[in-house]
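Let's take a friendly walk through a sheet and the helices that pack on it. Keep the structure open beside you as you read.

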Amino acid sequence: MLKAGRIWALGAMSGTSLDGVDAAMVETDGEEIFAFGASDYRGYSEGEQAVLAGALGKWPGEDVAEAEAVVQMAHAELLSRFEGAQLVGFHGQTLAHEPRGRGTYQIGDGAALAEALGVPVVWDFRSADVELGGEGAPLAPFFHFACAKWIGAERPLCFLNLGGVGNLTWVDPRKDRPEAEGALLAFDTGPANAPINDVMMRRRGLPYDKDGALARRGHVEDGALELFLDDAYFSRMPPKSLDRNEFSDMIGLVNELSDADAVATLTGMSAAAVLRGMEHCPEPPERLLVTGGGRHNPVLMEMLRVALDCPVEPVEAAGLDGDMLEAQAFAYLAVRVARGRPTSGPGTTGVRAAVCGGTISRPEGAD
């Protein structure tokens, strides 16, 4: 059995950008963060990325064996480097997400990983939330609430994750618990890095727009931006969530543009989606802390700074690790699952009531 009190948990995250797997240790009791520990990264090779990209959009029953083998091997290799973990949080790789339709689908076998590591593994975090009417995403907000407490925030603030998809968490640290009414509001803002990365790969053979260099040389096509913002998603009230490829048509809006103008316009679309999302905040945030790969894009960050009335900073400004925040989140959530505490609620996924989502698999012979 998992002992009471604080423990060291190890979390892993393989996101929609398909760049690799992040892993990080957190000392927590499932409520409070006591310390952050070691972290590491295992990148996917070009061949592995191609396999995973080819599996995106597939559902159970379709052939994803090769992609699952990539995910399983990468996680086992990375997580086996760590020592001292008493519990592992394993998100797996999302292939498809359609909460108002077919559900949500992450590949990866937590039971097999528990046997390989010899440590209990918590996985399948999203299914219970979706089955109870929630969006199943985003799931990091309960961890963001703990982070707000850890940094000593006293007024509402926002966490913005700019990964393949953007998601925003508004946090009121004056509340006692993340499941308390009014403590959190969270939702996907729209596409973030995914369309930029896709166009960079198609046109330049590069995985992303390093330092926003190409976007800086172009200009934003206002007509394309207006058509993008006409999408019905932006008029929906949160909570709400997206599949990575749900806005794939936006690339068609920049097909006739030069490389620089296309990437500048897609970057502007990602920023504009965040700005529309900020309109839903119950109270203006004191600051916006940005995590995920998008915080390294100075053009995207400057677009946000110019348009918003609050400071826009990378999470490192608050003493957090923007490369590892999502991996840390699943370490934290794993402990909450093991202790039967909620991992999502009406304000974060739209689920009818706070729900504890996740399956616990223990290695054979473990108590």
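Are the two faces of S8 covered or open? Both are covered in this predicted model: on one side Val165, Asn167, Thr169 and Val171 are buried, and on the other side so are Gly166, Leu168 and Trp170. In other words, seven of the seven residues of strand S8, which spans residues 165-171, are buried.

To see how S8 is placed, look at the strands beside it. Strand S7 (residues 157-162) pairs with S8 in the antiparallel sense, over six bridges, and a hairpin of two residues leads from S7 to S8. If you would like a landmark here, find Cys158, whose bridge partner in S8 is Trp170. Trp170 also has a bridge partner in S9, namely Leu185. That strand, S9 (residues 184-191), runs antiparallel to S8 and is joined to S8 by seven bridges.

Now step back to the whole sheet. Strands of a sheet pair through backbone hydrogen bonds, in either a parallel or an antiparallel way. This sheet is open, has five strands in the order S9-S8-S7-S10-S11, and its pairing is mixed. S9 and strand S11 (312-314) are at the edges with a single partner strand each, so each has one side without a neighbour in the sheet. From one strand to the next, the twist averages 25°. The parallel sense appears between S7 and strand S10 (residues 288-291), which pair over four bridges; Leu160, for instance, has Val290 of S10 as its bridge partner.

Next come the helices. H10 packs on the sheet and touches S7, S10 and S11, with its direction at about 150° to that of S11. H9 lies across S7, S8, S9 and S10, and runs at about 155° to S9.

How do these helices meet each other? Two packed helices are described by the angle between their axes and by the distance between those axes. For helix H9 (residues 259-278) and helix H10 (residues 298-307), the angle is about 40° and the axes are 9 Å apart. H9 is therefore oblique to H10, and the crossing in which H9 passes H10 is right-handed. On the H9 side, the contact is made by Ala264, Thr267, Gly268, Ser270, Ala271, Val274 and Leu275, while H10 brings Val299, Leu300, Met303, Leu304 and Ala307. Sorted by class, this contact of H9 with H10 has nine nonpolar residues, three polar ones and no charged ones.

How values were computed: Residues numbered from 1 in each chain as written. Predicted model: local features only at pLDDT ≥ 70, side-chain atom pairs only at ≥ 80, totals over all residues. Heavy atoms only, no water. Axes fitted to C-alpha atoms, helices over the stretch in contact; angles between N-to-C directions. Parallel < 35°, antiparallel > 145°, perpendicular 65-115°, else oblique. Left-handed = near helix turned anticlockwise from the far one by under 90°. Contact = heavy atoms within 4.5 Å. Nonpolar A, V, L, I, M, F, W, Y, C, P; charged D, E, K, R; others polar. Buried < 20%, exposed > 50% of the residue type's maximum accessible area, 1.4 Å probe, protein only. Pairing = 2+ DSSP bridges.
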